[in-house]
Amino acid sequence: MNEWSLKPSVAAAPAGEVTFEVTNQGKLPHELIVVKTDLAADALTLEADGARVEETAPGQDDVGEVEDIQPGETKSGTFNLEAGHYVLVCNVPGHYKAGMVASFQVK
Ligand SMILES: [Cu+2]
C-alpha cells in the first residue's frame, strides 16, 4: 500500500487460513481491514461523516485487521476466511475514498 493505492500481489486465495503480509510503501501510516461483502469495492457503506467504511454495516463484515502499519513497515495478519468475495480497505479516515481499496476473492 501507499498513497493512494492498495494492491494485493495475488487476486485470490484458497479458503482457510489466509495470511496477508502488508507492506506500507508510503509516507503515512496505513492499516488493512478485510471486509467480507458482495458489494463492489467502490460501493461500501460509509460512516455518517463519510470518512471511513462502516465495519459492520448490513452486507459487509469486518473479518480481519492489520492495524497501524508505519511507513516502510511490513506487518502480517492471518485470518480464517471462507469462500467468497472480500474487499481490502485502508480504513484510516479518508483513505478509502482516496483509492486505498481492492477486491479479493477466496475460493
Ligand atoms: Cu491508508
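# Exercises on a predicted strand-rich model

Strand β6 is mostly covered, since six of its six residues are buried. The structure is a predicted model, and the exercises below begin with this strand and its neighbours.

## Exercise 1: The sheet around β6

Determine the order of the strands in the open sheet, and identify which strands lie at its edges.

Solution.

Step 1. The open sheet has five strands, in the order β1-β7-β6-β3-β4, and its pairing is mixed.

Step 2. An edge strand pairs on one side only; this applies to β1 (12-13) and to β4.

Step 3. Consider the pairing of β3 with β6. These two strands run antiparallel and are joined by four bridges. Within this pair, Val35 has Val87 of β6 as its bridge partner, and Ile33 has Val89 of β6.

Step 4. Consider next the pairing of β6 with β7. Six bridges join these strands, which are also antiparallel. Here Val87 stands opposite Ser103 of β7.

Step 5. Finally, β1 and β7 pair in the parallel sense, over two bridges. Ala13 has Val106 of β7 as its bridge partner.

Step 6. The general background is that strands of a sheet pair through backbone hydrogen bonds, either parallel or antiparallel.

## Exercise 2: The two faces of β7

State which residues of β7 form the covered face and which form the uncovered face.

Solution.

Step 1. The covered face consists of Ala102, Phe104 and Val106.

Step 2. The uncovered face consists of Val101, Ser103 and Gln105.

Step 3. The general rule is that in a regular strand the side chains alternate between the two faces of the sheet.

## Exercise 3: The nonpolar cores

Find which residues of the largest nonpolar core touch the most other members, and which strands each supply at least two residues of this core.

Solution.

Step 1. The largest nonpolar core has 19 residues, and those touching the most other members are Leu6, Phe20, Leu32, Val34 and Leu81.

Step 2. At least two residues of this core come from each of β2 (16-23), β3 (30-37), β4 (60-69), β5 (74-81), β6 (84-89) and β7 (101-106).

Step 3. A second, separate core has eight residues, including Ile33, Val35, Val53 and Val89.

Step 4. Leu81 may serve as an example of contacts. Leaving aside residues up to four places away in sequence, Leu81 touches Ala15, Gly16, Val18, Phe20, Val34, Val63, Tyr86 and Val106.

Step 5. In soluble globular proteins, nonpolar side chains tend to be buried together.

## Exercise 4: The largest pocket

Describe the volume and the lining of the largest pocket.

Solution.

Step 1. The space in the largest pocket is about 390 Å³.

Step 2. Its lining is made of 19 residues, and Lys7, Pro8, Ser9, Glu21 and Val22 lie nearest the centre.

Step 3. Strand β2 gives the most to this lining, with six residues.

Step 4. By kind, the lining residues divide into eleven nonpolar, six polar and two charged.

## Exercise 5: Two backbone details

Identify the residue whose peptide bond from Glu3 is cis, and state the phi of Asp68.

Solution.

Step 1. The peptide bond from Glu3 to Trp4 is cis, with omega near 0 degrees. Trp4 belongs to the segment before β1.

Step 2. Asp68 is found in strand β4. Its phi is near 55 degrees, a positive value in a residue other than glycine.

Step 3. For background, most residues other than glycine have a negative phi, and most peptide bonds are trans.

## Exercise 6: Classifying exposure

Decide whether Asp68, Gly94 and Glu47 are buried, partly exposed or exposed.

Solution.

Step 1. The cut-offs are these: buried means under 20% relative accessible area, exposed means over 50%, and partly exposed lies in between.

Step 2. Asp68 has a relative accessible area of 46%, so Asp68 is partly exposed.

Step 3. Gly94 lies in the loop between β6 and β7. Its relative accessibility is 32%, and therefore Gly94 counts as partly exposed. The C-alpha atoms of Gly94 and Pro29 are separated by 13 Å, although these residues are 65 residues apart along the chain.

Step 4. Glu47 lies in the loop between β3 and β4. Its relative accessible area is 27%, so Glu47 is partly exposed. Not counting residues up to four places away in sequence, Glu47 touches Arg52, Val53 and Glu54. The C-alpha atoms of Glu47 and Lys107, 60 residues apart along the chain, are separated by 29 Å.

How values were computed:
Residues are numbered from 1 along each chain as its sequence is written. This is a predicted model: local features need pLDDT of at least 70, side-chain atom pairs count only at pLDDT 80 or more; totals for chains, interfaces and linings use all residues. Side-chain values use heavy atoms; hydrogens and water are left out. A nonpolar core is a set of buried Ala, Val, Leu, Ile, Met, Phe, Trp, Tyr and Cys residues joined through side-chain atoms within 4.5 Å. Buried means under 20% relative accessible area, exposed over 50%, partly exposed in between (1.4 Å probe, protein chains only). Contact means heavy atoms within 4.5 Å. Two strands pair if DSSP finds at least two bridges between them. On a 1 Å grid over the protein atoms alone, a cavity is a set of points where a 1.4 Å probe fits but cannot get out, and a pocket is an open set with protein on both sides within 12 Å along at least five of seven lines; lining residues have an atom within 4 Å of a point. Grid points are joined across faces, edges and corners, and a volume is the space filled by probe spheres set on the points. Ala, Val, Leu, Ile, Met, Phe, Trp, Tyr, Cys and Pro count as nonpolar, Asp, Glu, Lys and Arg as charged, and the others, Gly among them, as polar.
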